[in-house]
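Good morning, colleagues. I should like to take a few minutes to go through one structure with you.

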Amino acid sequence: MSNNDLDIQKKWWKEAVIYQIYPRSFMDSNNDGIGDLKGIISRLDYIKSLGIDIVWLNPINKSPNDDNGYDISDYEAIMEEFGTMQDFDELLNGLHARNIKLVMDLVVNHSSDEHKWFVEARKSRDNPYRDYYHWWPAEKGKPPFRKSFFDVNGQAWEYDAVTNSYYLHYFSVKQPDLNWENPKLRKEIYDMMKFWIRKGIDGFRMDVITFISKDINFPTITQEYLDENYNGSWTNYYAHGPKLHKYLKEINKEVLSKYDVMTVAEGAGIGAGDALKFVDEDMKKLDMLYHFDGTNLGYLPNQYKHMDPNGYSLVAFKEVYTKWNKKVAKKGWGTIYLGNHDQPRMLSRWGNDATEYREASSKMLTTFLLTMRGTPYYYAGDEIGMSNIRFDKINDYRDIETLNMYEKIKKENGDLQYFLDGQKISGRDNGRTPFQWDNTNNAGFTGGTPWLTINPDCKTVNVAYEEIDPDSVLHYFRKMVKLRKSLPELVYGSYKTIDKKNANIYAYTRTLNDRSVLVMLNFSDQQISFSAPVSAGSVDEVLLNNLQNCKAHKNVFQLQPYQALIVRLL
Ligand code: ISL
Ligand code: CA
């Protein structure tokens with residue numbers, strides 16, 4: 001045991017399990033095919049039954065839904081499809097009554113082009129809202145290239161004839177970037193944050209917050225420059241704006257420091273070396289950030305999220321999580337996730353969704369998420385083992401990222417089939433198909449036509465079915481949550497990897513006050529013999545096992561495909 005374990009400041013958000021709900025896909029209450037707040041309210045007892053502590057809701061603010069709510073047209077109103085402010089209050093009260101906290105998405109790198117600020121700003125160059133956004137007057141010539149992630153031409157500057165100027169949009173043309181240089185804009189955002197905190201919410205997940213500061217001289221940037229300074233990536237460049245940390249400090253001072261709320265940054269473009277700049281408590285900025293080093297593993301370089309035919313290397317996977325943990329071992333705090341609304345399903349991406357391995361590998365991944373050091377962000381649907389839907393046709397998709405990327409490749413006469421094959425692995429809609437409640441029509445999600453096709457595996461992969469089966473993925477998740485909550489070493493204990501170079505097994509100990517547990521995870525579809533680095537007598541009891549058998553002789557474990565074992569060490 002190291003003394004540092006004891007020095008870690010205790011916080012409710014370090015001890016919590018966070019459950020992420022994509023409202024559009026969770027439960028539809030009025031049969032329009034779109035999940036809504038009343039739908040979530042109707043499932044509060046289910047959410048409570050999971051044992052989780054915090055719900056993170058993807059954006060529910062008023063939005064024309066160009067990017068499913070990540071394009072906000074009124075920060076203090078609720079999206080019509082999702083319900084009313086009354087519904088929101090009821091949801092918040094319902095969660096709090098069950099001792100569950102609520103974290104909301106804060107989308108302030110950009111607004112919708114239908115937000116009144118932008119509607120005004122584009123009217124004239126001297127409009128009072130003009131400086132709420134970034135403009136490039138056309139008489140200066142074409143603006144220097146900036147990449148847009150969701151633009152059909154890949155260009156982040158859009159020409160607007162009304163004022164003969166271009167505006168900046170890192171995401172779609174309907175998501176103009178807000179100008180954080182403007183103190184009036186910043187004040188509006190801080191007031192808006194306070195509005196929600198005063199309503200009683202418990203924190204914010206901050207969407208692409210690393211992108212808010214721009215070099216407003218807009219220098220010309222070449223690929224060589226990106227290669228040399230930003231590992232070739234626009235995301236990395238966008239994440240290192242000159243005033244980012246000034247703004248984060250200001251957000252903390254003006255808003256966060258006044259309340260007991262948690263924050264987690266979407267850490268796009270941030271490497272482990274920068275982690276403490278964000279989450280060192282002494283710097284008074286944010287509490288947590290989630291990185292992309294894990295979720296980006298195994299994709300081919302320079303090709304749009306196509307999987308390397310050799311898959312990903314478990315050794316590299318272990319290195320990523322070990323490296324990040326090390327950065328926050330003494331100061332700050334980490335996060336762990338394997339999927340969310342921007343990612344394919346964790347089972348398909350990191351486990352094995354073939355029928356024979358579906359359950360074992362789902363449970364194994366759940367064991368990983370809930371035994372690692374750092375706050376787990378668990379994505380709704382993973383607790384029942386939902387998998388990628390793997391659409392064949394572009395028409396099946398609803399996600400602007402996939403649709404606009406397709407248009408772009410088409411314009412460039414690129415290989416559309418290759419792109420579609422890649423989307424089966426990495427497309428965001430894989431993680432957005434409606435939640436599977438039972439085996440009735442539309443999986444019990446809606447009585448209407450679902451906004452996105454429901455995964456046909458819903459006949460057997462659903463809550464109702466798994467409630468009855470005591471060995472289901474769902475029951476395992478509940479057991480695992482309980483175990484985490486009953487063992488302080490799984491929250492505050494130090495983390496140490498074992499047999500780092502083992503290509504199939506991820507094993508580590510978690511230790512607090514001389515109490516240790518050993519976690520062994522078989523990430524492969526083979527039986528693997530694993531020598532635990534402990535003397536035979538020191539393995540005490542098996543605390544959790546995702547399969548029926550535990551074959552062990554002295555300290556050698558025969559781990560079955562995707563087996564997960566947690567044992568107490570004496
Ligand atoms: O940098 C990227 C380009 O590939 C992405 O990883 C990017 O960081 C990510 O897509 C940002 O996600 C967040 O902001 C988007 C929204 O579409 C996502 O759903 C959200 O999670 C724009 O608001
Ligand atoms: Ca609805």
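**Helix α12, a calcium site and helix α2**

Let me begin with helix α12, which spans residues 314-327 and contains K326. Please keep in mind throughout that this is a predicted model.

How exposed is K326? Its relative accessible area is 69%, and because the threshold for exposed is over 50%, K326 is classed as exposed. K326 also belongs to a patch of positive charge on the surface. The other lysines gathered there are K327, K330, K496 and K500.

I turn now to the calcium ion, ligand 2. Which protein atoms serve as its donors? Three aspartates contribute through OD, namely D28, D32 and D36. N30 contributes OD1, while I34 contributes O. These donors lie 2.2 to 2.3 Å from the calcium ion. Along the sequence, the donor residues follow the spacing D-x1-N-x1-D-x1-I-x1-D.

Two of these donor residues can be described further in terms of accessibility. N30 has a relative accessibility of 45% and therefore counts as partly exposed. D32, with a relative accessible area of 36%, is likewise partly exposed. Both assignments follow because partly exposed covers the range between under 20%, which is buried, and over 50%, which is exposed.

Finally, I come to E15, a residue of helix α2, which covers residues 12-15. At 34% relative accessibility, E15 counts as partly exposed. How far apart are E15 and L403 in sequence and in space? They are separated by 388 residues in sequence, and their C-alpha atoms are 39 Å apart.

Thank you for your attention.

Definitions and conventions. Residues are numbered from 1 along each chain as its sequence is written. Chains are lettered from A and ligands numbered from 1 in the order in which they are written. This is a predicted model: local features need pLDDT of at least 70, side-chain atom pairs count only at pLDDT 80 or more; totals for chains, interfaces and linings use all residues. Side-chain values use heavy atoms; hydrogens and water are left out. Patches are made of residues with over 30% relative accessible area and no salt bridge: like charges are joined within 9 Å, nonpolar side chains (Val, Leu, Ile, Met, Phe, Trp, Tyr) within 5 Å. Accessible areas come from the Shrake-Rupley method with a 1.4 Å probe; for residues, only the protein chains shown count as cover. A salt bridge is a side-chain nitrogen of Lys or Arg within 4 Å of a carboxyl oxygen of Asp or Glu. Lys and Arg count as positive and Asp and Glu as negative; His and the chain ends are not counted. The place of a charge is taken as NZ of Lys, CZ of Arg, CG of Asp or CD of Glu. Helices (H or I, at least four residues) and strands (E, at least two) are DSSP runs, numbered from the N terminus. Buried means under 20% relative accessible area, exposed over 50%, partly exposed in between (1.4 Å probe, protein chains only). Donors are N, O and S atoms within 2.8 Å of the metal (3.2 Å for Na, K and Ca); water is not among the atoms, so sites may look incomplete.
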